[in-house]
Amino acid sequence: MKQKQKAVQRITGDDYVAYLRVSSKGQVNTDYNPEGISIPAQREKIHERGHELDSAKAEEFIDPGRTATSIDQRPEFQQMIAYLREHPNVRYVIVYMLSRFARNRLDDAIMVATLEKLGVRLISAVEKNIDDTPTGRMLHGMLAVINEYSSNQSGEDIKYKMGQKAKNGGTITRTPVGYTNTVEIVDGRRVRTVIIDPVRGPFIRLAFELYSTGEYTVEEVAQELYDRGLRMPRDARYPEVRGISTNRLYVVLRDDYYCGWITYEDEKFRGRHKPLVPQDLFDQVQMVSDSRNSARERRRVHHHELKGSLLCGSCRRRRGDRRRMIVQHATNRHGNVYRYFFCNGRFDHICELPYIPIEQAEEAVEDHYATVRFTPEFIATMRSELATMVDEQQTTTKLLQAQLTKQLRALDTKENNLIDLAADGSLPQGKIKARLREITQQRDRLTTRLHDVDESLSTGADIIEACLQLLQDPQALYQRCNDQQRRRLNQALFEALYIDEDANGDVRVHHELREPFDTLHMAQGQHQAPTGPPEAPPSLRAVLPAPKRQSAPPQVETGAGLQLTGAALVGSPWKVPGSNKLLMVGDTGFEPVTSSV
């Protein structure tokens, strides 16, 4: 009976529902009226069309300031459908135009079919030739296709323009905290640009400086900034009384926009905005963050300098597993707190290593540092060989510098000749521009190479010298460090520290060294082998099956083709066999570079 009554009301009803919509907030916040200009204009046109149909407005639904390309993203439309089901007196849904109703053919078909099932007609206030006739339905379908094409084409056009803006160094994203938008007058034109926020910019730079020290977590930096007065900008949801959240600060510390880069489609472009932090400070922050992530360290739970570096030697010995040691704080009934390291394999009931008091683990690691020391004889031999190597580099390096300088002068001559040809008009301009770009690229490569020769003359020797000093007395160095410095030292020297118990129940530590320390220790073993058993301590390789090497020793390139490794730098008899010339001529030879190279 109720359904029959609704059907009668649907047949006899002549009311209409107005559906108004704009795509973005920019179309709303453009007038003294909070609805902006577009919505009142749509309302007036819809009212005129309802008057022409002799229909009265029953309700109005507005989707203001939401960019939505599908039905699911329009809550007001869903509410309108629910209203139509409960009010059979509504006969029409009037929209300003079809492009305001749907942006693709599929949604248009679904929405129209939904209305037809309810006995409601869709009316366009502007496109009055759309009706229920075959011709009207054909026009409706054609307009739906055109609207979809227009929407897609507009999106592609915006995407292309954003790409061009990014290539030119413009900011294409929302201005991040620490910067603010401004307008500059350039040759009488208003140019929108980005400048450093004089209020919040110094706080963001301070965040980078604090975190780069390694003494602060992200949470601690956020709290420190709040205590010093940083407040986020006011928006529609929050007043200007809140500090920066931990998640947002983490994004800030990872965003290279602050050191002058624009990212678009996974490509990097140098931005026009002024960097808020220098590149070296940004790189230091990334190194600190990466070191904590690589160690999977969660300082907010239980912080310890060995977390992330200390692994279970029992699991490694028995099954070849790499399982991390976890810190646990246990409190007895008297309130005394005991701290332990234990293997996370205990969760799976596969590890037999007992709980190890943190004090025992710390003492074992500290004692183990004495076993990675370089002997004075090895250090003296290495330094002698390094001095000889650096002396041998001098002549060939000067020769290479002269060669590169000659090539740069030849490129300058070619560039001047091309400019003269361009002035004469004897060659096509496009071909000349292409050749000039090639010359510019070649000059950049040669200039970088020449700079590298100047900078890296003794880079390899400096690295090895730093390693020798670091392991001259590593135990004393470790004892002088604080917790944060010990954590960094552990991660710099060791791929892993494995803790285990021997047959007597004593705690023992074995290691896997990082490069170049591993290669240097191998060289020390070769150095000691002719005179007797090596004094170098047994590493994990002495008591466990040797794992496959993950990577070759890192190579330091100096000049044009010089490659130094720990094994090559230790000198005779540990030099690799082959030519005794440390620096070879590059691929281009001694002649100036040509376009065919």
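**Aromatic pairs and ring contacts**

Searching the whole structure turns up 12 aromatic pairs. Keep in mind that this is a predicted model. Here's a quick tour of a few of those pairs, one ring cluster and two arginines that sit over rings.

**Tyr-19 and Phe-77**
- With ring centres 6.0 Å apart and planes at 80°, Tyr-19 and Phe-77 make an edge-to-face pair, because planes over 60 degrees apart count that way.
- This one bridges distant parts of the chain: Tyr-19 sits in strand S1 (residues 15-21) and Phe-77 in helix H3 (residues 75-86), 58 residues apart.
- Both Tyr-19 and Phe-77 are buried.

**Tyr-369 and Tyr-478**
- Tyr-369 and Tyr-478 are a stacked pair, at 4.2 Å from centre to centre and with 20° between the planes.
- Tyr-369 belongs to helix H12 (residues 358-369) and Tyr-478 to helix H16 (residues 474-480), so their pairing ties together parts 109 residues apart in sequence.
- Tyr-369 has a relative accessible area of 1%, so it counts as buried.
- Tyr-478 is buried too, with a relative accessible area of 1%.
- Tyr-478 also has a charged partner: Arg-486 lies over the face of its ring, 4.5 Å from the ring centre.

**A ring cluster**
- Tyr-179, Phe-208, Tyr-257, Tyr-258 and Phe-282 are joined into a cluster by ring pairs.

**Another arginine over a ring**
- Over at Trp-261, it's Arg-270 that lies over the face, at 3.9 Å from the ring centre.

How values were computed:
Residues are numbered from 1 along each chain as its sequence is written. This is a predicted model: local features need pLDDT of at least 70, side-chain atom pairs count only at pLDDT 80 or more; totals for chains, interfaces and linings use all residues. Side-chain values use heavy atoms; hydrogens and water are left out. Rings of Phe, Tyr and Trp (its six-membered ring) pair if their centres lie within 6.5 Å; planes under 30 degrees apart count as stacked, over 60 as edge-to-face and the rest as tilted. Helices (H or I, at least four residues) and strands (E, at least two) are DSSP runs, numbered from the N terminus. Buried means under 20% relative accessible area, exposed over 50%, partly exposed in between (1.4 Å probe, protein chains only). A charge sits over a ring if NZ of Lys or CZ of Arg is within 6 Å of the ring centre and within 35 degrees of the ring normal.
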